[in-house]
Protein chains: 2
Amino acid sequence: MSIIFSRQCEYALQAVSYLALQPAGKKTSIRELTKKLKIPYHFLAKILQDLTYKKLLVSQKGPSGGFALAQSPDQITLFHIVEAIDGSDFAHKCVMGFPECSGKNPCSIHHQWAKMRDEIYSMLVTENITEMAREMKKPEYRL
Amino acid sequence: MSIIFSRQCEYALQAVSYLALQPAGKKTSIRELTKKLKIPYHFLAKILQDLTYKKLLVSQKGPSGGFALAQSPDQITLFHIVEAIDGSDFAHKCVMGFPECSGKNPCSIHHQWAKMRDEIYSMLVTENITEMAREMKKPEYRL
DNA sequence: TTTATATCAGACCTTTTTGTCTTAATATAC
DNA sequence: GTATATTAAGACAAAAAGGTCTGATATAAA
Ligand code: FES
Ligand code: FES
């Protein structure tokens, strides 16, 4: 089971990370991505297509076609990606699964959870692709 | 989609919360729980059975039977419940879905995530049923 | 004995993930 | 320009996982 993001969303994050490491403007094919990241081909294809539709990536068909970031990497935050794939429900829903989530009618761990949820949210909003790429260029990083 | 715990686990947390509000030793039937919590009968039955097997609850068949906490409520933490149903993978797996998670070969948000994950973990370990019940007795609470 | 309740087995549905195949676009070679 | 190779886009179905429902059986209280 996935932790907090869906499988799709995990793959999206991985793929965008990978694209962030490529020289600006270079198109990367699905084949290369699936090979490097070990992601099922058509599942990834669909995800990239969604991200393209949402204007986070651009695509090009034909020889030497592929995908690239649509915007300057410091304008794309993790939240943009997560929101495009999973939506932003996690930021509003009750962690215990109750139908509503608010301080007016909270569950027994609402207050603690709301605090952590805000931290997660602000990390997603703050962290952008440029910073991710910077981290990933350190020698110990995995891509 | 569920946030971080599976549906089963959410239901488990809800049910145990409810049991925590009952007088010590009182048996509560599945019927009462499903009615109050709007949870499918046999799904909850299976979950409670699992929690019983894991020694978190006790069960009794027959008229006026039902379920009750197996231990003193201040010895049951949220983590016990989560671990029994979902396991403790969330505490070790990569949030971006990479096969390993460690500082030696981290993903681009490992460091930030690891920090939040630890907070969540320590909340789960710290928060026990007694405290949950205390929160829930406040007038604005939902059960 | 009767009745209320947990337990157990299995079918069924829904969502998510993966795989097969076809079509459309386009860069490049000629 | 035309042909060809390469690539994304799209339809569709299979497989897997997660969740829900039906019904029967075992157990214990009254
Ligand atoms: S009501 Fe449960 S997290 Fe807000
Ligand atoms: S490697 Fe991704 S969270 Fe640790």
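**Exercise 1.** Classify B:R31 in this predicted model as buried or exposed, and place the residue in the secondary structure of chain B.

*Solution.*
Step 1. The relative accessibility of B:R31 is 54%.
Step 2. The class "exposed" requires a value over 50%, so B:R31 counts as exposed.
Step 3. In chain B, the residue belongs to helix α2, which covers residues 30-37.
Step 4. Along the chain, B:R31 and B:H42 are 11 residues apart, and their C-alpha atoms are separated by 9.9 Å.

**Exercise 2.** Describe the contact between chain B and chain A: how many residues does each chain bring, and what area is buried between them?

*Solution.*
Step 1. Chain A brings 44 residues to the contact, and chain B brings 44 residues.
Step 2. The size of an interface is often expressed as the accessible area lost when the parts come together.
Step 3. For chain B and chain A, the buried area is about 4,100 Å². Carbon and sulfur atoms account for 63% of this area.

**Exercise 3.** Count the salt bridges and the residue pairs in polar contact between chain B and chain A, then state which helix of chain B gives the most to the side that touches chain A.

*Solution.*
Step 1. Between chain B and chain A there are zero salt bridges.
Step 2. Four residue pairs are in polar contact across the interface, counting pairs with both residues at pLDDT 80 or more.
Step 3. On the side of chain B that touches chain A, at least two residues come from each of α1 (7-21), α4 (78-86), α5 (110-126) and α6 (129-136).
Step 4. The most come from α5(B), with seven residues.
Step 5. Sorted by class, this side of chain B holds 24 nonpolar, 11 charged and nine polar residues.

Terms used:
Residues numbered from 1 in each chain as written. Chains lettered and ligands numbered in written order. Predicted model: local features only at pLDDT ≥ 70, side-chain atom pairs only at ≥ 80, totals over all residues. Heavy atoms only, no water. Helix = DSSP H or I, 4+ residues; strand = E, 2+ residues; numbered from the N terminus. Buried < 20%, exposed > 50% of the residue type's maximum accessible area, 1.4 Å probe, protein only. Contact = heavy atoms within 4.5 Å. Buried area = accessible area lost by both parts, 1.4 Å probe. Salt bridge = Lys/Arg side-chain N within 4 Å of Asp/Glu carboxyl O. Polar contact = N/O pair within 3.5 Å; in protein donor to acceptor, adjacent residues only side chain to side chain. Nonpolar A, V, L, I, M, F, W, Y, C, P; charged D, E, K, R; others polar.
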